[in-house]
Amino acid sequence: MDELKIEKIELFKVPPRWLFVKITTKCGIVGWGEPVVEGKADTVAACIKELENYLIGRTANNIEDIWQVLYRGGFYRGGPILMSAMSGIDQALWDIKGKFLNVPIYELLGGAVRQKMKMYCWIGGDNPDVVLEQAHAKVKQGYKAVKMNATGAMDWVSSLKDIKKVANNIKLLREEFGYDLDVGLDFHGRVHKPMVRKLIDELEPYEPMFIEEPVLSENNDALKHIYSYTSIPIATGERMFSRWDFKGILNEGVVDIIQPDLSHAGGISEVRRIATMAEAYDIAIAPHCPLGPISLASALHLDFVSSNAIIQESSLGIHYNKGYDILDYVLNPEVLEVKEGYIELLTKPGLGIEINEDILKEGQKIGHNWVNPIWRNTDGNFAEW
């Protein structure tokens with residue numbers, strides 16, 4: 001299709017910590033994607049500039065062929081930078097196809113299996129002083145589920161005092177909300193294997209919705225010891241970037257919920273394949289999404305067609321979003337409104353969101369240089385953030 005030939009690729013690095021890509025076709029249809037690794041936006045942008053040499057002049061309609069060439073056409077494959085660059089490109093191509101055919105993306109993926117998607121958002125868990133305040137604010141906004149960091153900085157083997165502090169935060173929420181509020185706990189890979197089972201002992205009485213990243217993904221071999229130790233659902237996957245990364249833990253049966261990120265794990269095309277793989281193992285999916293509106297919309301389309309999708313993360317109001325938030329860049333923010341804990345089906349063509357390019361260009365002038373903090377324990381040794 002000559003009219004869908006890719007003519008232009010533009011990048012927008014905007015606050016608080018996002019990178020957007022705009023792909024323009026010969027007929028004028030544009031698609032939007034969100035290709036970014038938090039703290040490595042310029043590196044991903046450079047990767048897209050390299051991939052641009054192949055993309056210009058290609059037909060945007062050929063999403064699968066483009067995905068295969070971008071992945072397999074290089075001798076070295078996978079990893080956060082390449083897969084995040086490919087994710088944004090893939091999102092934009094699906095956006096273009098949906099707009100060209102005048103249907104939402106989920107219609108192109110087989111049609112919706114649900115009419116709305118349950119949502120959760122982040123509240124502060126490092127500091128117990130803000131836990132109840134932020135939880136009440138989110139409940140007031142319509143959420144029925146939240147997630148918080150289980151811990152702050154942790155030693156390889158921490159004191160009993162630190163362990164008790166972890167359990168106190170979810171205890172406060174259970175005492176305040178009972179079981180009307182679902183609470184996920186994100187270990188964030190901060191906890192090393194010697195501490196995981198002891199922390200689980202403290203947390204089990206408060207029945208969290210799941211424990212996320214109990215160990216770093218490079219230590220997934222430890223999940224077999226954790227999985228057999230607890231009945232709390234185990235979730236992981238935000239730092240895994242393709243179906244090949246997920247293959248091992250699915251086959252070993254050591255996870256209950258996988259959390260690929262639509263801006264890191266190869267976009268809509270690849271996460272759709274990952275979700276289907278997980279379904280074959282009777283494992284749920286809850287896509288990771290601490291990013292912007294394009295990443296969220298992409299995740300929602302995946303959720304709408306995946307019967308094993310159970311809940312969707314949103315970063316609306318998260319502490320990273322200083323100056324600009326998710327809805328600031330969207331002309332139709334009402335489509336991402338949380339109503340009684342859910343976001344309803346997106347009905348406009350493509351991704352279903354309209355980007356406010358005037359605000360985007362304002363944000364581009366500001367840009368960002370976001371990097372995650374470097375933490376150290378009291379003895380000066382590096383601590384996982």
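These legends go with several close-up views of a predicted model. Local features were taken only where pLDDT is at least 70 and side-chain atom pairs only at pLDDT 80 or more, while totals for chains, interfaces and linings use all residues. Residues are numbered from 1 along each chain as its sequence is written, and side-chain values use heavy atoms, with hydrogens and water left out.

**View A. Helix 9 packs against helix 10.**
Here we have helix 9 (residues 243-252) and helix 10 (residues 267-280), with axes 10 Å apart and an angle of about 15 degrees between them. Helices are DSSP runs of H or I with at least four residues, strands are E runs of at least two, and both are numbered from the N terminus. The axes are lines fitted to C-alpha atoms, for helices over the stretch in contact, and the angles run from 0 to 180 degrees between N-to-C directions. That angle makes helix 9 roughly parallel to helix 10; the label covers angles under 35 degrees, with over 145 counting as roughly antiparallel, 65 to 115 as roughly perpendicular and the rest as oblique. The crossing of helix 9 and helix 10 is right-handed, meaning that the near helix is turned clockwise from the far one by less than a right angle (anticlockwise would be left-handed). On the helix 9 side, look for Arg243, Trp244, Phe246, Lys247 and Leu250; they meet Glu270, Arg273, Ile274, Met277 and Ala278 of helix 10. Contact here means heavy atoms within 4.5 Å. Sorted by type, the residues of this contact are six nonpolar, no polar and four charged. For that count, Ala, Val, Leu, Ile, Met, Phe, Trp, Tyr, Cys and Pro are nonpolar, Asp, Glu, Lys and Arg are charged, and the others, Gly among them, are polar.

**View B. Helix 10 and the aspartate that follows it.**
The 14 residues of helix 10 should span 20 Å at 1.5 Å a residue, and the end C-alpha atoms are indeed 20 Å apart. The expected span is 1.5 Å times one less than the number of residues. Among the buried residues of helix 10 are Ile268, Val271, Ile274, Ala275 and Ala278. Buried means under 20% relative accessible area, exposed means over 50%, and partly exposed is in between (1.4 Å probe, protein chains only). An α-helix has 3.6 residues a turn, so residues three or four places apart point the same way. Past the helix, aspartate 282 sits in the loop between helix 10 and strand 10 (284-285). Its phi is positive, near 60 degrees, and aspartate 282 counts as exposed at 73% relative accessibility.

**View C. Isoleucine 249 of helix 9 and its neighbours.**
Isoleucine 249 is buried, with a relative accessible area of 4%. Skipping neighbours within four places in sequence, isoleucine 249 is in contact with Asn220, Leu223, Thr236, Met240, Val254, Val255 and Ile258. Asparagine 220 is 29 residues away along the chain, yet its C-alpha is separated from that of isoleucine 249 by 7.4 Å.

**View D. Helix 6 crosses helix 7.**
The axes of helix 6 (residues 160-177) and helix 7 (residues 193-203) come within 9 Å and cross at roughly 45 degrees. That makes helix 6 oblique to helix 7, and the crossing is right-handed. Leu160, Ile163, Lys164, Val166, Ala167 and Ile170 in helix 6 meet Met195, Lys198, Leu199, Glu202 and Leu203 in helix 7. This contact has eight nonpolar residues, no polar ones and three charged.

**View E. Backbone oddities at proline 16 and glutamate 213.**
Most residues other than glycine have a negative phi, and most peptide bonds are trans. The bond from proline 15 to proline 16, though, is cis, with omega near 5 degrees. Proline 16 lies in the loop between strand 1 (6-14) and strand 2 (18-25). Glutamate 213 has a positive phi, near 40 degrees, and is found in the loop between strand 7 (210-212) and helix 8 (223-227). At 0% relative accessibility, glutamate 213 counts as buried.

**View F. Isoleucine 56, in the loop between helix 1 and helix 2.**
Isoleucine 56 is partly exposed, at 37% relative accessible area. Not counting residues up to four places away in sequence, isoleucine 56 touches Ile6, Glu7, Lys8 and Ile9. The C-alpha atoms of isoleucine 56 and isoleucine 9 are separated by 7.9 Å, with their positions 47 residues apart along the chain.
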